[in-house]
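Me: Please take a close look at one part of this model, the surface beside the second DNA strand, and then work from there into the rest of the protein. Plain statements are enough.

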Amino acid sequence: MHEWWPANSALEVFVGAILTQQSNWKNVEIAISNLKRNKLLDMQSICNANIWQLERSIRPCGFYRQKARRLKSICSAIDSEFGSFEGLLLYKTEKIREILLQYTGIGPETADDIVLYGFSRASFVVDMYTKRVMSRLDSSFREKSYYDLKAYFESGLPNDPIIYKRMHAYIVELSKTNCKAKPKCNNCPLNVICEHHLFNQIN
DNA sequence: ACCCAGGTGGCCC
DNA sequence: GGGCCACATGGG
């Protein structure tokens with residue numbers, strides 16, 4: 001939970017981020033462990049794999065046909081254009097995000113997952129948890145777009161990937177409770193920021 | 001037999 | 001800019 005996203009490399013964050021789209025993490029864990037067992041959880045293996053090998057490994061997480069094709073196609077493109085995912089570290093945060101968004105299969109949230117958890121750069125992730133929690137605390141968030149929510153957090157928080165990760169983990173914890181009021185300050189890992197810059201705008 | 005989950009792309013207007 | 005649909009499995 002210290003590192004909320006369980007992965008050891010940018011590639012693993014990328015794979016998990018694709019697989020978890022409109023799926024649940026339990027099934028993604030099975031899919032990832034299948035990939036590991038079949039020696040398919042590395043750049044060259046994914047680039048060289050047959051589609052059916054990838055499909056068979058990731059089937060439990062759903063949408064396995066299009067996800068298998070996207071995994072291979074994006075890895076091949078990254079490999080030939082940048083050598084590896086780490087090759088993207090040469091660029092500025094916003095540029096990395098733009099590059100990732102050009103690939104079919106990577107949308108706003110997946111790009112932010114990779115940038116924040118794969119590269120430890122400050123780009124706030126807005127997922128279903130975030131939308132649900134914020135909408136519950138203030139119904140006006142219901143009609144906000146992805147980029148509205150992203151801007152809301154990024155303008156209220158210090159530009160620090162550690163803070164972004166902790167805030168996101170905190171929101172996920174909050175989503176598991178029935179809390180409908182402003183959280184107690186001492187329950188929040190960002191108590192000062194939440195109290196004075198974020199959650200005071202809600203109530 | 002439903003409904004949902006840590007979305008995205010391709011349409012359409 | 002937004003609304004709608006297909007994509008697919010496993011669990012409640």
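**The surface near DNA strand C**

Reply: In this predicted model, the largest share of the surface near DNA strand C comes from α5, which gives three residues. Helices α2 (25–37) and α5 (64–82) are the elements that give two or more residues to that surface. The residues that surround DNA strand C are Q22, S23, K26, N27, R59, P60, G62, F63, Y64, R65, Q66 and S145. By class, three of them are nonpolar, six are polar and three are charged.

DNA strand B has its own surroundings, made up of 20 residues, of which Q21, Q22, G107, T110 and M128 come nearest. Here the elements that give two or more residues are α7 (108–118) and α8 (128–137). With four residues, α7 supplies the largest share of the surface near DNA strand B. That surface has seven nonpolar, ten polar and three charged residues. Q22 appears in both places: it is among the residues around DNA strand C, and it is one of those that come nearest to DNA strand B.

Behind these surfaces, the next topic is the core. The largest nonpolar core has 39 residues, and F14, L19, L71 and I114 touch the most other members. At least two residues of this core come from each of α1 (10–19), α2, α4 (51–58), α5, α6 (93–101), α7 and α10. The largest share, eight residues, is that of α1. Nonpolar side chains tend to be buried together in soluble globular proteins. Helices α2 and α5 thus have two roles, giving residues to the surface near DNA strand C and to the core. Helix α7 likewise gives residues to the surface near DNA strand B and to the core. For F14, leaving aside neighbours within four places in sequence, the contacts are F85, I114 and G118.

Helix α10 also supplies core residues, and its geometry can be checked. It has 15 residues, 161–175, which at 1.5 Å a residue should span 21 Å; the end C-alpha atoms are 21 Å apart, so the two values agree. Its buried residues are Y164, K165, M167 and H168. Seen down the axis of α10, the buried residues fall within an arc of 165°, and therefore line one face of the helix. An α-helix has 3.6 residues a turn, so residues three or four places apart point the same way. The buried residues of α10 pack against α7 and α9 (146–156). This leads back to α7, the helix with the largest share of the surface near DNA strand B.

How values were computed
Residues numbered from 1 in each chain as written. Chains lettered and ligands numbered in written order. Predicted model: local features only at pLDDT ≥ 70, side-chain atom pairs only at ≥ 80, totals over all residues. Near = placed C-beta within 6 Å. Nonpolar A, V, L, I, M, F, W, Y, C, P; charged D, E, K, R; others polar. Expected span 1.5 Å × (residues − 1). Buried ≥ 20, exposed ≤ 12 C-beta atoms within 10 Å, placed from the backbone. Arc of directions from axis to C-beta. Contact = placed C-beta atoms within 7 Å. Core = buried A, V, L, I, M, F, W, Y, C linked by C-beta atoms within 7 Å.
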